[in-house]
Amino acid sequence: MPMVTLSLMRRLRAAWLLTLCLATHVPADDRRPDLAPAGSLITAQIGEAPVIISAPHGGRVRIPGATERAKGVKVLDTNTAQLALLISQRLTERLGRRPSLVVAHFSRRDADANRAPEPGADDEAYASPAAKVCYDAYHAALRACVDESKATFGTRVLLVDVHGQARMPEAIVRGTRQGSSMAHVVAEHGHDVIDGPRSLFGLLAAKGYVVEPPLRSQAQEGEPLPETPRRERFFAGGWITERYGAARDDGVNAIQLEFGRMRVESLEKTARDAADCIAEFAFTYLGAQRPAAAAGPPPAEGEGRSMPDQDALQEPKKGSGT
Ligand SMILES: [Zn+2]
């Protein structure tokens with residue numbers, strides 16, 4: 001075959017492969033390609049399930065051109081970005097549909113998406129225009145997720161805001177602003193939706209997790225059984241549960257989960273258990289349909305798919321704070 005023809009064929013083949021790649025490449029969010037604009041340092045998708053996962057404090061990337069926040073907590077919630085991505089992946093398997101998702105990759109030193117945009121006396125969400133771009137992108141994406149989920153599922157939506165804490169290393173701490181951010185499902189099902197046996201915390205406790213505050217059913221000997229869920233003493237719910245929670249007209253059910261340091265050191269197990277509990281909650285209280293493939297017991301450890309970036313999941317460093 002003449003050299004020219006061979007070269008031409010190679011070029012045509014390369015062009016055809018490129019066309020094929022472009023034609024088969026579907027963006028992570030095909031309905032809203034602008035959900036995570038370039039430079040926003042977030043991962044975001046609008047899913048098809050009545051669950052939204054948010055993780056504002058797990059990012060390590062410094063925002064180019066930003067000035068570090070002068071006021072407020074700046075500590076990383078170690079590995080919670082990966083935790084949120086793993087929870088999302090497992091939820092997709094359990095629900096047969098993708099949850100909505102917003103994960104910050106930007107450092108909290110530059111922008112804190114779990115703070116109100118208006119600076120307070122000893123706190124600020126950001127201190128520079130460059131950081132405001134990332135902060136605004138996070139909230140635009142979360143708002144889009146909440147609005148779209150609410151339009152589709154009404155009051156049967158759950159937003160889970162994922163955090164990490166070192167105060168109680170073994171425990172998962174609940175924040176619902178004393179139940180108010182879960183008002184939609186509480187109105188429909190009562191307080192058991194917060195700490196009953198089929199609540200998120202009831203399910204986590206049944207898997208052996210220490211939950212704070214304890215369930216009502218975990219009353220001490222001789223203690224009368226409380227009539228309402230115990231008060232949330234630490235991390236009762238931050239700006240995201242306040243802004244997007246069910247206490248607001250434009251909100252959905254929202255719960256802040258503060259995973260103890262020990263819990264994020266066994267990332268994949270924690271993610272799998274948390275996702276399985278969230279999925280069960282969705283089947284029980286959000287009207288989610290159990291897909292045929294998930295009708296049986298969940299896959300055991302090691303059977304689920306793993307995130308491709310294993311390096312990022314190993315050797316978690318010590319960290320704390322909400
Ligand atoms: Zn946090």
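These exercises work through the fold of one predicted model.

**Exercise 1. Confidence and composition**

Task: State how many helices and strands the chain has, and find where the pLDDT is below 50.

Solution.
- Step 1. Count the elements. The chain has nine helices and seven strands.
- Step 2. Check burial. Of the 322 residues in the chain, 46% are buried.
- Step 3. Look at contact separation. Take the contacts with a separation of 6 or more: residues 24 or more positions apart account for 77% of them.
- Step 4. Read the confidence. The average pLDDT over the chain is 85, and 80% of the residues score at least 70. Residues 14-29 have a pLDDT below 50, and this stretch makes six contacts in the model beyond near neighbours in sequence. Residues 302-321 also have a pLDDT below 50; here the contacts beyond near neighbours in sequence number 31.

**Exercise 2. The sheet**

Task: Give the strand order of the sheet and name the edge strands.

Solution.
- Step 1. Recall the pairing rule. Strands of a sheet pair through backbone hydrogen bonds, either parallel or antiparallel.
- Step 2. Write the order. The seven strands run 1-3-2-4-7-5-6 in an open sheet with mixed pairing.
- Step 3. Find the edges. Strand 1 and strand 6 (210-212) each pair on one side only, and they are the edge strands.
- Step 4. Add the twist. From one strand to the next, the twist averages 20 degrees.
- Step 5. Check the pairing at strand 6. Strand 5 (residues 171-175) pairs with strand 6 in the parallel sense, over three bridges. Ala171 has Val210 of strand 6 as its bridge partner.

**Exercise 3. Strand 3 and its neighbours**

Task: Which residues of strand 3 are buried on one side, and which on the other? Then describe how strand 3 pairs with strand 1 and strand 2.

Solution.
- Step 1. Count the buried residues. Five of the five residues in strand 3 are buried.
- Step 2. Split them by face. One side carries Ser100, Val102 and Ala104; the other carries Leu101 and Val103. Both faces are covered.
- Step 3. Pair with strand 1. Four bridges join strand 1 and strand 3, and the sense is antiparallel. Gln45 has Leu101 in strand 3 as its bridge partner.
- Step 4. Pair with strand 2. Strand 2 and strand 3 run parallel and share four bridges. Ile52 has Ser100 in strand 3 as its bridge partner.
- Step 5. Add the connection. A right-handed β-α-β unit is made by strand 2, helix 2 (residues 80-95) and strand 3.

**Exercise 4. Helices 2, 3 and 9**

Task: Compare the expected and actual spans of helix 3, helix 9 and helix 2.

Solution.
- Step 1. Take helix 3 (residues 129-153). Its 25 residues should span 36 Å at 1.5 Å a residue; the end C-alpha atoms lie 35 Å apart, so the two agree.
- Step 2. Take helix 9 (residues 267-285). Its 19 residues should span 27 Å at 1.5 Å a residue, and the end C-alpha atoms lie 26 Å apart, so these agree too.
- Step 3. Take helix 2. From first C-alpha to last, its 16 residues reach 21 Å, close to the expected 22 Å.
- Step 4. Check burial. In helix 9, 15 of the 19 residues are buried. In helix 2, 13 of the 16 are buried. The buried residues of helix 3 include Ala131, Tyr135, His139 and Cys145.
- Step 5. Place helix 3. Helix 3 lies across strands 1, 2, 3 and 4, at about 165 degrees to strand 3. Its buried residues also pack against helix 7 (239-244).
- Step 6. See what follows each helix. Gly154, just after helix 3, has a positive phi of about 65 degrees. Gly96 follows helix 2 with a positive phi near 75 degrees. Gly287 follows helix 9, and its phi is positive, near 75 degrees.

**Exercise 5. Thr176**

Task: Is Thr176 buried or exposed? List its contacts.

Solution.
- Step 1. Locate Thr176. This residue sits in the loop between strand 5 and helix 4 (183-189).
- Step 2. Apply the cut-off. A residue is buried with 20 or more other C-beta atoms within 10 Å. Thr176 has 27, so Thr176 is buried.
- Step 3. List the contacts. Leaving aside neighbours within four places in sequence, Thr176 touches Ser181, Met182, Ile194, Glu232, Gly237, Thr241 and Ile255.
- Step 4. Take one pair. Thr176 and Ile194 are 18 residues apart in sequence, while their C-alpha atoms are 8.5 Å apart.

Note on methods
Residues numbered from 1 in each chain as written. Predicted model: local features only at pLDDT ≥ 70, side-chain atom pairs only at ≥ 80, totals over all residues. Helix = DSSP H or I, 4+ residues; strand = E, 2+ residues; numbered from the N terminus. Buried ≥ 20, exposed ≤ 12 C-beta atoms within 10 Å, placed from the backbone. Contact = placed C-beta atoms within 7 Å. Expected span 1.5 Å × (residues − 1). Pairing = 2+ DSSP bridges. Right-handed = clockwise from strand over helix to strand, strands pointing away. Axes fitted to C-alpha atoms, helices over the stretch in contact; angles between N-to-C directions. pLDDT = per-residue confidence, 0-100.
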